[in-house]
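Q: Please choose one part of this molecule and look at it closely. I would like a single connected account that begins with the charged side chains and works outward from there to the rest of the chain.

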Amino acid sequence: MGSETKELVTAQKRAQKEHRQISSTINNLLDSLTMANRDLVDQRLTELKARLRELDGRLAELDHLILSQVQIK
């Protein structure tokens with residue numbers, strides 16, 4: 001595995017870790033939802049879901065790049 005592929009795999013692992021952390025945060029927010037904090041939780045959920053969509057796109061891009069690197073070899 002070349003150094004570029006290793007860097008891509010490292011970036012992929014970081015993005016996967018962040019994705020898991022955000023998913024966990026979303027679950028914690030949903031577990032702590034009350035009428036008193038509903039508006040704040042909703043706002044934070046919107047932000048977190050947007051970040052998850054960004055990460056999903058980044059992970060798809062990294063998957064493609066890694067696959068391309070492997071096919072080149």
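A: Glu-61 is partly exposed, with a relative accessible area of 42%; on this scale buried means under 20% relative accessible area, exposed means over 50%, and partly exposed covers what lies in between, using a 1.4 Å probe and counting protein chains only. The model is a predicted one, in which local features need a pLDDT of at least 70 and side-chain atom pairs count only at pLDDT 80 or more, whereas totals for chains, interfaces and linings use all residues. Residues are numbered from 1 along each chain as its sequence is written, and side-chain values use heavy atoms, with hydrogens and water left out.

Glu-61 forms a salt bridge with Arg-58, and the closest N and O atoms of this pair are 3.5 Å apart; a salt bridge here is a side-chain nitrogen of Lys or Arg within 4 Å of a carboxyl oxygen of Asp or Glu. Glu-61 and Arg-58 both belong to helix 2, where they sit 3 residues apart, about one turn of the helix. Helices (H or I, at least four residues) and strands (E, at least two) are DSSP runs, numbered from the N terminus. Like its partner, Arg-58 is partly exposed, at a relative accessible area of 34%. Elsewhere, salt bridges that share partners join Glu-18, Arg-51 and Glu-54 into one network.

Within that network, the side chains of Arg-51 and Glu-18 meet in a salt bridge at 2.9 Å, N to O. Arg-51 lies in helix 2 and Glu-18 in helix 1, so this pair ties together parts that are 33 residues apart in sequence. Arg-51 counts as partly exposed at 30% relative accessibility, and Glu-18 is also partly exposed, with a relative accessible area of 26%. Another salt bridge links the side chains of Arg-44 and Glu-47 (3.1 Å, N to O), and these two residues both lie in helix 2, 3 residues apart, which is about one turn of the helix. Arg-44 is partly exposed at 37%, and Glu-47 is partly exposed at 40%. A search of the whole structure finds 4 salt bridges.

From the charged pairs we can turn to the nonpolar residues. In soluble globular proteins, nonpolar side chains tend to be buried together. A nonpolar core is defined as a set of buried Ala, Val, Leu, Ile, Met, Phe, Trp, Tyr and Cys residues joined through side-chain atoms within 4.5 Å. The largest nonpolar core in this protein has 10 residues, among them Ala-15, Ile-22, Leu-45, Leu-52 and Leu-59. Helix 1 (3-31) and helix 2 (38-72) each supply at least two residues of this core, and the largest share, 6 residues, comes from helix 2. A second, separate core has 5 residues, including Leu-8, Val-9, Ala-11 and Leu-62.

Leu-59, a member of the largest core, shows what surrounds one such side chain. Not counting residues up to four places away in sequence, Leu-59 touches Gln-12, Ala-15, Gln-16 and His-19, where contact means heavy atoms within 4.5 Å.

Further along helix 2 lies Gln-69, which is buried, with a relative accessible area of 15%. The side chain of Gln-69 makes a polar contact with the side chain of Glu-4 at 3.3 Å; a polar contact is a pair of N or O atoms within 3.5 Å, and within protein one must be able to donate a hydrogen and the other to accept it, while residues adjacent in sequence count only if both atoms are side-chain atoms. Leaving aside neighbours within four places in sequence, Gln-69 is in contact with Glu-4, Thr-5 and Leu-8. His-64, by contrast, is exposed, at 53% relative accessible area, although His-64 too has its place in helix 2.

The loop between helix 1 and helix 2 contains Thr-34, and the C-alpha atoms of Thr-34 and Thr-5, 29 residues apart along the chain, are separated by 46 Å.

Finally, the protein as a whole contains 2 helices and 0 strands. Its radius of gyration is 17 Å, well over the 11 Å that the globule rule gives for 73 residues, so the protein is more spread out than a compact globule; the radius is taken over C-alpha atoms, and the rule is 2.2 Å times the number of residues to the power 0.38. Taken along the principal axes, the C-alpha atoms fill a box of roughly 55 × 15 × 10 Å.
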